[in-house]
Amino acid sequence: LAHFRAALRLKPDFIQARYGLAALCARQGRRDEAIAQLEAVARLDPADPSARAALQSLRAQPARSGRP
């Protein structure tokens with residue numbers, strides 16, 4: 001997480017870092033944070049169908065209670 005966040009502090013529009021952070025957060029059960037990163041990708045690149053598909057998939061999953 002720290003590496004992705006550091007990259008985004010330096011370059012907030014670094015789409016690949018946002019995707020990476022979203023994926024890592026999703027695996028760790030940080031669904032809301034993953035969604036926020038994917039929403040940022042969708043704002044940065046509205047033509048990217050992958051961001052919309054990933055958002056739709058993540059939103060369809062039930063939220064976990066607590067963190068692992």
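How close do the axes of H1 and H2 come, and at roughly what angle do they cross? To find out, open the predicted model and select helix H1, residues 2-10, together with helix H2, residues 15-27. The axes of H1 and H2 come within 9 Å and cross at roughly 150°, which makes H1 roughly antiparallel to H2, since angles over 145 degrees count as such. The crossing of these two helices, H1 and H2, is left-handed.

**The contact of H1 with H2**

Show side chains next: on the H1 side, select Phe4, Arg5, Ala7 and Leu8, and on the H2 side select Ala17, Arg18, Gly20, Leu21 and Leu24, because these are the residues that meet, with heavy atoms within 4.5 Å. Coloured by class, the contact of H1 with H2 comprises six nonpolar residues, one polar residue and two charged residues.

**From H2 to H3**

Keep H2 in view and add helix H3, residues 31-44. The axes of H2 and H3 come within 8 Å, crossing at roughly 160°, and H2 is therefore roughly antiparallel to H3. As H2 passes H3, the crossing is left-handed. To display the contact, select Ile15, Arg18, Tyr19, Leu21, Ala22, Cys25 and Ala26 in H2, and then, in H3, Arg31, Glu33, Ala34, Gln37, Leu38, Ala40, Val41 and Leu44. The residues of this contact of H2 with H3 divide into eleven nonpolar, one polar and three charged.

**Centre the view on Gln37**

Now select Gln37, which lies in helix H3. Is Gln37 buried or exposed? With a relative accessibility of 11%, Gln37 counts as buried, because the limit for that class is under 20%. Showing what surrounds it, and leaving aside neighbours within four places in sequence, you will find Gln37 in contact with Leu8, Arg18, Leu21 and Ala22. Of these, Leu8 belongs to the H1 residues that meet H2, whereas Arg18, Leu21 and Ala22 are among the H2 residues in the contact with H3.

**The salt bridges**

How many salt bridges does a search of the whole structure find? There are three, and they can be visited in turn.

Begin with Arg5 and Glu33, whose side chains meet in a salt bridge at 2.3 Å, N to O. Arg5 lies in helix H1 and Glu33 in helix H3, so this pair ties together parts that are 28 residues apart in sequence. Arg5 counts as partly exposed, at 30% relative accessibility, and Arg5 also appears among the H1 residues that meet H2.

Stay on Glu33 and add Arg30, since the side chains of Glu33 and Arg30 meet in a second salt bridge, at 3.7 Å, N to O. Arg30 is partly exposed, with a relative accessible area of 21%.

Finally, move to Glu39 and Arg59, where the side chains form a salt bridge at 2.4 Å, N to O. This pair links distant parts of the chain, with Glu39 in helix H3 and Arg59 in helix H4, residues 49-60, the two residues being 20 apart. Both partners are partly exposed, Glu39 with a relative accessible area of 28% and Arg59 with one of 45%. To end the tour, select Arg5, Arg30 and Glu33 together, which salt bridges with shared partners join into one network.

Terms used
Residues numbered from 1 in each chain as written. Predicted model: local features only at pLDDT ≥ 70, side-chain atom pairs only at ≥ 80, totals over all residues. Heavy atoms only, no water. Axes fitted to C-alpha atoms, helices over the stretch in contact; angles between N-to-C directions. Helix = DSSP H or I, 4+ residues; strand = E, 2+ residues; numbered from the N terminus. Parallel < 35°, antiparallel > 145°, perpendicular 65-115°, else oblique. Left-handed = near helix turned anticlockwise from the far one by under 90°. Nonpolar A, V, L, I, M, F, W, Y, C, P; charged D, E, K, R; others polar. Salt bridge = Lys/Arg side-chain N within 4 Å of Asp/Glu carboxyl O. Buried < 20%, exposed > 50% of the residue type's maximum accessible area, 1.4 Å probe, protein only.
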